[in-house]
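This report describes selected strands, a pocket and the cysteines of one protein model. The coordinates are shown below.

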Amino acid sequence: MNDVTFIVLGASGDLARRKLLPALYAQFVAGTMEKFLIIGAAIDVLSRDQILSETKLFIKDIDEGQFKKFSERFYYQELDFADADGFSRLNMFTGDLEKKKGLSGKRLIYFATASSFYCSVTTHCAASGLAVKKEPQDTVWHRLIYEKPFGYDGISAHEINACIAQHFNEAQVYRIDHYLTKELVGNIALVRFTNCVFEPLWNNRYIDNVQVVVSEEDGIGDRGGYYDNYGALKDMVQNHLLELVALLAMEAPEQLSGEYIRQERARVLQKLRFSDIIFGQYEGYTSEPGVRPGSQTETFVALQLYVDNPRWAGIPFYLKTGKKLDKKETVIHIKFKQVDCLLARKCPSDTNYLTIRVSPDPAFSLTLNAKKPGVPNEVVPVNMDFCHSCLFGEAIPDSYEILLQEIVRGEQAVSVRSDEIEYAWKFIDSIDQTEVPLYMYKPGSSGPKELEDFAYKHGVRLRS
Ligand code: BG6
């Protein structure tokens with residue numbers, strides 16, 4: 001993370017204060033950043049001290065001395081995203097500072113802005129020289145980072161991609177999904193492809209269904225204006241949940257890095273077929289700030305999809321996510337098929353799950369049948385657990401810390417390739433949302449009660 005200029009466009013926003021600046025501070029404290037600059041820019045008339053003091057609220061166990069040193073490298077510039085000259089001024093300001101501080105000019109430009117600005121701001125960056133086209137072998141690199149949501153649908157995502165491609169090489173572009181940097185998500189491919197007990201079984205012969213569940217306790221907070229236009233399907237499924245499906249279902253890449261992984265993920269996303277869906281909305285959602293009265297936007301989704309390739313033909317994938325639920329948890333359940341119960345008197349019908357808990361308390365757990373003590377020929381389910389923190393300690397870096405590290409390293413596996421993002425949107429666009437039933441649910445519950453009918457209809461036990 002050394003010798004890098006971090007330029008945050010949209011520095012007055014929530015993402016910068018809540019995630020990016022705290023992640024950079026944590027890396028500074030960890031000692032990975034000695035020579036660096038952070039230049040924040042946004043339209044708001046703000047002082048750098050205001051941004052820094054708001055950032056502090058999101059840092060646990062702050063060391064005041066360290067934060068002061070960190071703050072000395074932070075600068076703020078007012079910038080109107082529609083003003084081409086403003087970008088030229090920002091470029092000159094950045095270049096002068098880099099010279100003064102002895103930095104080589106490696107720049108990481110973070111678009112912490114709405115995706116409606118992506119094309120125009122990219123164009124201004126290129127025209128002003130704030131970021132210029134570089135070749136992969138260039139040592140002084142410029143990298144551009146785009147947050148999700150990347151567009152609003154397939155057409156807008158395609159337009160943004162085309163706009164970026166006019167000015168920059170794909171190798172410079174990082175469309176990020178912070179789920180791809182979660183420790184246990186990174187572990188999925190490794191566990192799958194390095195264990196003989198899993199890989200041979202990872203197909204439609206032995207797997208019954210796959211469930212990806214992302215539950216959140218919080219509601220939409222103060223993001224009503226954004227969320228009401230997107231909803232859970234576009235805010236969570238289009239990116240985080242589909243990327244998890246892609247990682248779970250992909251074929252073995254030639255290497256576990258960059259292009260190889262992206263290629264295999266894209267192949268899965270290209271083959272997704274939508275099958276069934278229900279929506280939910282938590283009671284009280286329409287009274288949240290920024291939400292339209294009578295809004296029909298979903299805060300909960302449960303859906304069934306298939307991956308139409310030989311490995312997964314006929315195997316349903318269930319995705320479920322919602323806000324204001326009874327817990328905050330991201331978990332993946334892989335349900336293996338039932339064996340014929342010939343030798344035992346009775347077999348539990350619901351065993352042999354591999355459960356991957358991404359957060360909190362990352363863990364793998366394998367449910368197996370074992371003999372019930374004291375009873376001949378009867379089995380009960382037992383769990384074999386691998387608790388990540390028990391073995392490796394609690395200190396798992398935040399996903400934004402990993403993300404920034406990986407981008408500085410030039411690792412593109414944390415970035416969603418242009419075709420991947422378009423396939424994911426194509427899948428979302430294939431769902432006629434006007435036809436999807438919307439059910440209400442109580443905050444703090446496990447979702448709408450009609451979820452039971454959905455599960456019954458598909459003959460599946462949906463796990464939470
Ligand atoms: C974001 C969504 O991408 O992910 C939010 O926009 C959601 O609505 C968040 O709350 C969840 O991330 P995490 O890491 O807390 O599971």
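How many bridges join β4 to strand β5, and do they run parallel or antiparallel? Five bridges connect β4 to β5 (residues 142-146), and the two strands run parallel. The model is a predicted one, and the values that follow are computed from it.

**Strand β4 and its neighbours**

Within the pairing of β4 with β5, L108 has R143 of β5 as its bridge partner. Between these two strands the chain passes through helix α5 (residues 118-128), and the resulting β-α-β crossover is right-handed. Strand β4 also pairs with strand β1 (residues 4-9), again in the parallel sense, over five bridges. Here I7 has I109 of β4 as its bridge partner.

Strand β4 (residues 107-111) is largely enclosed by the rest of the structure, because five of its five residues are buried. The cover extends to both faces: R107, I109 and F111 are buried on one side, and L108 and Y110 are buried on the other.

**Strand β11 and its neighbours**

Strand β11 (residues 329-336) is mostly covered, with eight of its eight residues buried. One side carries E329, V331, H333 and K335, the other T330, I332, I334 and F336, and all of these are buried.

Two strands pair with β11 in the antiparallel sense. Strand β7 (residues 207-215) is joined to β11 by eight bridges, and in this pairing V212 has I332 of β11 as its bridge partner. Strand β12 (residues 353-359) is joined to β11 by six bridges, with R357 of β12 as the bridge partner of V331.

**The second largest pocket**

The second largest pocket holds about 420 Å³ of space. It is lined by 19 residues, of which L180, G186, I261, E406 and A413 are the closest to its centre. The elements that contribute two or more residues to this lining are α7 (183-194), α9 (258-270) and α11 (399-409). Helix α7 provides the largest share, six residues. By character, the lining comprises 10 nonpolar, four polar and five charged residues.

**Cysteines**

How many disulfides does a search of the whole structure find? The search finds one disulfide. It is formed by C119 and C163, whose sulfur atoms are 2.1 Å apart. The torsion about the S-S bond of this pair is about 85 degrees, so the disulfide is right-handed. The bond links distant parts of the chain, since C119 lies in helix α5 and C163 in helix α6 (residues 154-167), 44 residues apart.

C125 takes part in no disulfide; the nearest cysteine sulfur, that of C163, is 11 Å away. The accessibility of four cysteines is set out in the table.

| Cysteine | Relative accessibility | Class |
|---|---|---|
| C119 | 31% | partly exposed |
| C163 | 6% | buried |
| C125 | 0% | buried |
| C196 | 67% | exposed |

The classes follow from two cut-offs: a residue is buried under 20% relative accessible area and exposed over 50%, with partly exposed in between. The two partners of the disulfide therefore fall into separate classes, C119 being partly exposed at 31% and C163 buried at 6%. C125, at 0%, is buried, whereas C196, at 67%, is exposed because its value lies over 50%.

Note on methods. Residues numbered from 1 in each chain as written. Predicted model: local features only at pLDDT ≥ 70, side-chain atom pairs only at ≥ 80, totals over all residues. Heavy atoms only, no water. Buried < 20%, exposed > 50% of the residue type's maximum accessible area, 1.4 Å probe, protein only. Helix = DSSP H or I, 4+ residues; strand = E, 2+ residues; numbered from the N terminus. Pairing = 2+ DSSP bridges. Right-handed = clockwise from strand over helix to strand, strands pointing away. 1 Å grid on protein atoms, 1.4 Å probe; cavity = no way out; pocket = protein on both sides within 12 Å on 5 of 7 lines; lining within 4 Å. Points joined across faces, edges and corners; volume = space filled by probe spheres on them. Nonpolar A, V, L, I, M, F, W, Y, C, P; charged D, E, K, R; others polar. Disulfide = S-S within 2.5 Å.
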